[in-house]
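Let's take a friendly walk through this structure together. Keep the view open as you read, and follow each contact as it comes up.

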Amino acid sequence: MPLKSKSTGKLISFEGSEGSGKSTQIARLAAHFQQTHHEVLSVREPGGTEIGEQIRNIIVHNSKGDEMCAETELLLFAAARAQLVREIIAPALARGAIVLSDRFLDSSTVYQGIARNLAADPVAQINRFAVGNVMPNVTIVLDVPTKVSLARLKQRASDLPDRMERENVDFYDKVREGYLLLAKGMPERFIVVDGTKSEDAVAKKIWAAVQTRLK
Ligand code: TMP
């Protein structure tokens, strides 16, 4: 499906490890924007569409998960993203909405590319194919040390950890380093925020940084 090349909306993606506080901060930023903006939309990856939620189930809650190879995982995440972009994000941006996305293409670069060690070129190409011309205007990385994110995960886990959450410390260290590396390479798009600070302090920092970037 072709994507319109012109849109007046803004796409802000949130990235970071599990337990980095993305959901809380997305809700806080959405509340800020709602005071001034007519349409604010929050979406999550993988998921956000009926097809995407089905794909999310296959990836995250699949009991046969250990048999899933990294290549399959990458393509499934990309498939969910392609659907979300065309069904929800691109039309919303065309209407002038602010779209807040809990993860976007950088998650694949970091989790499948860097942490699972897939070659960077195919990952980048598949990412580009999935998103078309829809790129985040701003990407916020909530940075927390692996020890902190794993402790937060344990605290909130009401049931067994899902397939991705069963990964080890080494994996999450690579995820964290991967995000920091990406952010360093694209300072014009990325904002790194210390996610160990209080919820209020993080929200304040994000709001100030986003306002500056979107000016
Ligand atoms: P979350 O809902 O906690 O963000 O969980 C989604 C999981 O999927 C998380 O472990 C990150 C992972 N993920 C990838 O590995 N690659 C991707 O492209 C995306 C969007 C998520």
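We start at R176, which is partly exposed, with a relative accessible area of 22%. Keep in mind that the model is a predicted one. The residue to look for beside this arginine is D143: the two side chains form a salt bridge, with 2.8 Å from N to O. R176 sits in helix α7, while D143 belongs to strand β4, which covers residues 138–143, so this contact links distant parts of the chain, 33 residues apart. Its acidic partner, D143, is buried, at 14% relative accessibility. The cut-off explains the two labels: buried means under 20% relative accessible area, so D143 at 14% falls below it, whereas R176 at 22% does not.

Now follow helix α7, residues 169–185, onward to the loop between it and strand β5, residues 190–194; this loop holds R189. Which residue does R189 meet in a salt bridge? The partner is D106, and the closest N and O atoms of the pair are 2.8 Å apart. Because D106 lies in helix α4 (residues 105–115) and R189 in that loop, the pair ties together parts that are 83 residues apart in sequence. Are these two buried or exposed? D106 counts as buried, at 2% relative accessibility, and R189 is buried too, with a relative accessible area of 8%.

A third salt bridge is worth a visit. Here the side chains of E199 and R28 meet, at 2.9 Å from N to O. E199 lies in helix α8 (residues 199–214) and R28 in helix α1 (residues 22–34), so their contact ties together parts that are 171 residues apart in sequence. Both ends are partly exposed: E199 has a relative accessible area of 42%, and R28 is at 29%. D200 joins in as well, since salt bridges that share partners connect R28, E199 and D200 into one network. In total, the structure has 11 salt bridges.

Let's finish with the aromatic rings. How many aromatic pairs are there? The count is four. One of them is formed by F171 and Y172, whose ring centres are 5.4 Å apart. The angle between their planes is 90°, and the pair is edge-to-face; planes over 60 degrees apart earn that label. Both F171 and Y172 are buried. These two also belong to a wider group, as ring pairs link Y111, F171, Y172 and Y179 into a cluster.

Key:
Residues numbered from 1 in each chain as written. Predicted model: local features only at pLDDT ≥ 70, side-chain atom pairs only at ≥ 80, totals over all residues. Heavy atoms only, no water. Phe/Tyr/Trp six-rings, centres within 6.5 Å; stacked < 30°, edge-to-face > 60°. Buried < 20%, exposed > 50% of the residue type's maximum accessible area, 1.4 Å probe, protein only. Salt bridge = Lys/Arg side-chain N within 4 Å of Asp/Glu carboxyl O. Helix = DSSP H or I, 4+ residues; strand = E, 2+ residues; numbered from the N terminus.
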